[in-house]
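Trainee: I'm new to this structure and would like to know what stands behind the terms people use for it. Could we go through them together?
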Amino acid sequence: LCLEDWREELLSALFPDEMRSYDQGGFEYDASIGEKFILTFFDGDIARLQRFRYAAQRTSGEYEVLCFPFQVELIKGYLGDLVKIKTVKWEVIENALGIGGEN
């Protein structure tokens with residue numbers, strides 16, 4: 001993930017504009033669907049995960065973390081049952097960013 005502005009490109013590919021938080025929420029998350037707040041953890045930014053945990057413990061709603069399969073154990077160990085975890089394969093990220101093997 002060394003592409004310039006990869007995070008913004010990826011968030012744009014994964015979520016429609018109306019779902020994106022654009023860092024305007026009352027706490028750290030990347031997108032929302034109603035009362036479900038979604039954080040992407042592809043870069044492994046622990047500080048963002050800590051802030052998301054803090055919000056999940058204190059704010060009502062559903063919480064979800066989108067990550068790579070190899071990150072699940074870390075997230076489960078840190079967040080327990082506070083969040084739902086969904087995984088994304090590396091190939092999906094490559095395709096979303098236009099860097100896949102055939103692209």
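Mentor: Happily! Let's start with a pairing in this predicted model: Lys 36 has Glu 62 as its bridge partner in β3. Phe 37 likewise has a bridge partner in β3, namely Tyr 63.

Trainee: What makes β2 and β3 a pair of strands?

Mentor: Two strands count as paired when DSSP finds at least two bridges between them. Strand β2 (residues 36-40) and β3 are joined by 5 bridges and run parallel, so the requirement of at least two is met. On its way from β2 to β3 the chain passes through helix α2 (residues 46-58), in a right-handed β-α-β crossover.

Trainee: How do you know that β3 pairs with β4 too?

Mentor: By the same kind of reasoning. There are 4 bridges between β3 and strand β4 (residues 84-87), in the parallel sense, and the rule asks for at least two, so this is a pair as well. One of the partnerships is that of Glu 64 with Lys 84 in β4. Here the chain crosses from β3 to β4 through helix α3 (residues 72-79), and this β-α-β crossover is also right-handed.

Trainee: Which order do the strands take in the sheet?

Mentor: The open sheet has 4 strands in the order β1-β2-β3-β4, with mixed pairing. Its edge strands are β1 (31-33) and β4, each of which pairs on one side only. On average, neighbouring strands are turned by 25° against each other, direction ignored.

Trainee: Why is Glu 64 called buried?

Mentor: Its relative accessible area is 4%, and buried means under 20%, so Glu 64 qualifies. Lys 36 is buried too. For strand β3 (residues 62-67) as a whole, 5 of its 6 residues are buried.

Trainee: And what makes the contact between Glu 64 and Lys 36 a salt bridge?

Mentor: The N to O distance between their side chains is 3.4 Å. The cut-off for a salt bridge is within 4 Å, so the pair passes. Glu 64 is in strand β3 and Lys 36 in strand β2, 28 residues apart, which makes this a link between distant parts of the chain.

Trainee: How do you know that Glu 64 also forms a salt bridge with Lys 86?

Mentor: Their closest N and O atoms are 3.8 Å apart, which is again within 4 Å, so the term applies. Glu 64 lies in strand β3 and Lys 86 in strand β4, so the pair ties together parts that are 22 residues apart in sequence.

Trainee: Why is Lys 86 called partly exposed?

Mentor: Its relative accessibility is 34%. Buried would need under 20% and exposed over 50%, so a value in between is partly exposed.

Trainee: How many salt bridges are there in the whole structure?

Mentor: A search finds 6. Among them is Arg 20 with Glu 8, whose closest N and O atoms are 2.9 Å apart. Arg 20 lies in the loop between α1 (6-14) and β1, and Glu 8 in helix α1, so parts 12 residues apart in sequence are tied together.

Trainee: Are Arg 20 and Glu 8 buried or partly exposed?

Mentor: Arg 20 is buried, at a relative accessible area of 8%, while Glu 8 is partly exposed, at 31%.

Trainee: Which residues are linked in a network of salt bridges?

Mentor: Glu 28, Asp 30, Arg 48 and Arg 51 are linked in that way.

How values were computed:
Residues numbered from 1 in each chain as written. Predicted model: local features only at pLDDT ≥ 70, side-chain atom pairs only at ≥ 80, totals over all residues. Heavy atoms only, no water. Buried < 20%, exposed > 50% of the residue type's maximum accessible area, 1.4 Å probe, protein only. Helix = DSSP H or I, 4+ residues; strand = E, 2+ residues; numbered from the N terminus. Right-handed = clockwise from strand over helix to strand, strands pointing away. Axes fitted to C-alpha atoms, helices over the stretch in contact; angles between N-to-C directions.
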